[in-house]
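Student: I have a structure to read and a pile of terms to sort out. Can we go through them one by one?

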Amino acid sequence: MALSGANKDGREVRIYEYLDELNTDLADYIAELSEASVKERGVFAIALSGGSLISLMGKLCEAPYSKTVDWAKWYIFWVDERVVAKNHADSNYKLAKDGLLSKVPVVPSHVHSINDTVSAEKAAEDYEFVIRQLVRTRVISVSDISDCPKFDLILLGMGPDGHVASLFPNHSILDEKEEWVTFLTDSPKPPPERITFTLPVINSASNVAIVVTGSSKAEAVHSAIDEVGPDCPTLPAKMVQPTKGNLVWFLDKAAASKLDGAKFSE
Ligand SMILES: O=C1O[C@H](COP(=O)(O)O)[C@@H](O)[C@H](O)[C@H]1O
């Protein structure tokens, strides 16, 4: 059974003893949000990250989700992408295609990956243009307090340094307020060229989940959730604070091992 707790900002933190429980609860969470969004808006606009997240979403390819989720209503985007060919081992698109999208009946024209034939700068510009078109046609909602897109769900992982998407600690793109999608050519984690949603877009989503496993990330989890340590204020994961949306952390025991456990109850 998961331990869970809500802190003062209304963030929910779910901690799982076993990875299998985390995977099942994550699949339930995504399936429920998909159902609610399709009921309300007729579509589900979901943005994926790369990394460990995709294998943690693996239950969605199995029964009952493979049959019960309304896959045809999904519109799929990437929160961040490495600027490499789509068939490159580093591509977040390839990771999601191989691990999830090729195993469920999504509509190919609803899968919005980046243009992998241009520079990082142009790829970010093109991707923002695509998103703007889909906001105009309301495939993606719009925030009622800014002009930002309001994704139904944004799924994030987190690196041991506290980075989310391709927003790295102390990088100037953390301050980006105007662009929806920006680029970097100096990512501290390879490959160096990437595009990424900016914080205003992430924080405008209806729902954001940060899914983190492993002891190498325990210190950054502690800093972001317990709001302690010198790095805390500039930790990208800590800057994920949806303005009106919901934030849920999914953690395994190892990632949660440095948290103040007193805040959680079964
Ligand atoms: O480089 C990236 O890293 C993060 C974290 O990856 P993980 O394997 O440690 O979970 C990922 O969320 C992001 O999409 C990716 O581009």
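Tutor: Start with a definition. Helices and strands are DSSP runs: at least four residues for a helix, at least two for a strand, numbered from the N terminus. Keep in mind that this is a predicted model. Now place Ser49: it sits in the loop between S3 and H2.

Student: What makes Ser49 count as buried or exposed?

Tutor: Count its C-beta neighbours. Ser49 has 27 inside 10 Å. The cut-off for buried is 20 or more, so Ser49 is buried.

Student: Which residues does Ser49 touch, leaving out those up to four places away in sequence?

Tutor: Val79, Asp80, Leu155, Leu156, Gly157 and Ala165. Contact here means C-beta atoms within 7 Å. Sequence distance is another matter. Ser49 and Ala36 are 13 residues apart in sequence, with 22 Å between their C-alpha atoms.

Student: Which residues come nearest to the ligand?

Tutor: Ser49 is one of them, along with Gly50, Gly51, Ser52 and Gly157. The ligand has 13 residues around it. The shell splits into 3 nonpolar, 8 polar and 2 charged residues. Gly counts as polar in that scheme.

Student: How many helices and strands does the protein chain have?

Tutor: There are 7 helices and 12 strands.

Student: Why is the chain called as compact as a globular protein of its length?

Tutor: Set two values side by side. The radius of gyration is 17 Å, and the globule rule gives 18 Å for 266 residues. The two are close, so the chain is as compact as a globular protein of that length. Its C-alpha atoms fill a box of roughly 45 × 45 × 40 Å along the principal axes.

Student: What share of the residues is buried?

Tutor: 42% of the 266. Contacts tell another part of the story. Take those with a separation of 6 or more: 75% of them join residues 24 or more positions apart.

Student: How do you know which strands S8 pairs with in the parallel sense?

Tutor: Count bridges. S3 (residues 44–48) and S8 share 2 bridges, in the parallel sense. S8 and S11 (residues 207–212) share 3, also parallel. Pairing needs at least two bridges, so both cases qualify. Ile154 of S8 is the bridge partner of Ala47. Ile154 also stands opposite Val208 in S11.

Student: Which way do the residues of S8 point?

Tutor: Leu153 and Leu155 point one way, Ile154 and Leu156 the other way. All of them are buried.

Student: What makes the phi of Ala165 worth a remark?

Tutor: Phi of Ala165 is near 50°, which is positive, and Ala165 is not a glycine. Most residues other than glycine have a negative phi. Asn170 has a positive phi too, about 65°. Ala165 lies in the loop between S8 and S9, and Asn170 is in the loop between S8 and S9 as well.

Student: How do you know whether Ala165 and Asn170 are buried or exposed?

Tutor: Count again. Ala165 has 27 C-beta neighbours inside 10 Å, so it counts as buried. Asn170 has 11, so it counts as exposed. The limit for exposed is 12 or fewer.

Student: What about Gly10, buried or exposed?

Tutor: With 10 neighbours inside 10 Å, Gly10 counts as exposed. Look for Gly10 in the loop between S1 (3–6) and S2 (12–16).

Student: And Arg194, buried or exposed?

Tutor: Arg194 has 30 C-beta neighbours inside 10 Å, so it is buried. Its place is in strand S10. Among the residues Arg194 touches are Asp80, Glu81, Ser166 and Phe183. The C-alpha atoms of Arg194 and Ala123 are 9.0 Å apart, with their places 71 residues apart along the chain.

Student: Why is the bond from Ala63 to Pro64 called cis?

Tutor: Look at omega: it is near 0° for this bond. Pro64 is in the loop between H2 (53–56) and H3 (65–68). A cis bond also joins Pro190 and Pro191, with omega about -5°. Pro191 lies in the loop between S9 (181–184) and S10 (194–197). Most peptide bonds are trans.

Student: Which residues does the UniProt domain annotation cover?

Tutor: Residues 20–249, according to the unreviewed UniProt entry, under the name "Glucosamine/galactosamine-6-phosphate isomerase". That span is 30% helix and 17% strand, and its end C-alpha atoms lie 16 Å apart.

Terms used
Residues are numbered from 1 along each chain as its sequence is written. This is a predicted model: local features need pLDDT of at least 70, side-chain atom pairs count only at pLDDT 80 or more; totals for chains, interfaces and linings use all residues. The radius of gyration is taken over C-alpha atoms; the globule rule is 2.2 Å times the number of residues to the power 0.38. Two residues are in contact if their C-beta atoms, placed from the backbone, lie within 7 Å. A residue is near a molecule or strand if its C-beta atom, placed from the backbone, lies within 6 Å of it. UniProt positions are given in the numbering used here, feature names are shortened, and annotations may be inferred rather than shown by experiment.
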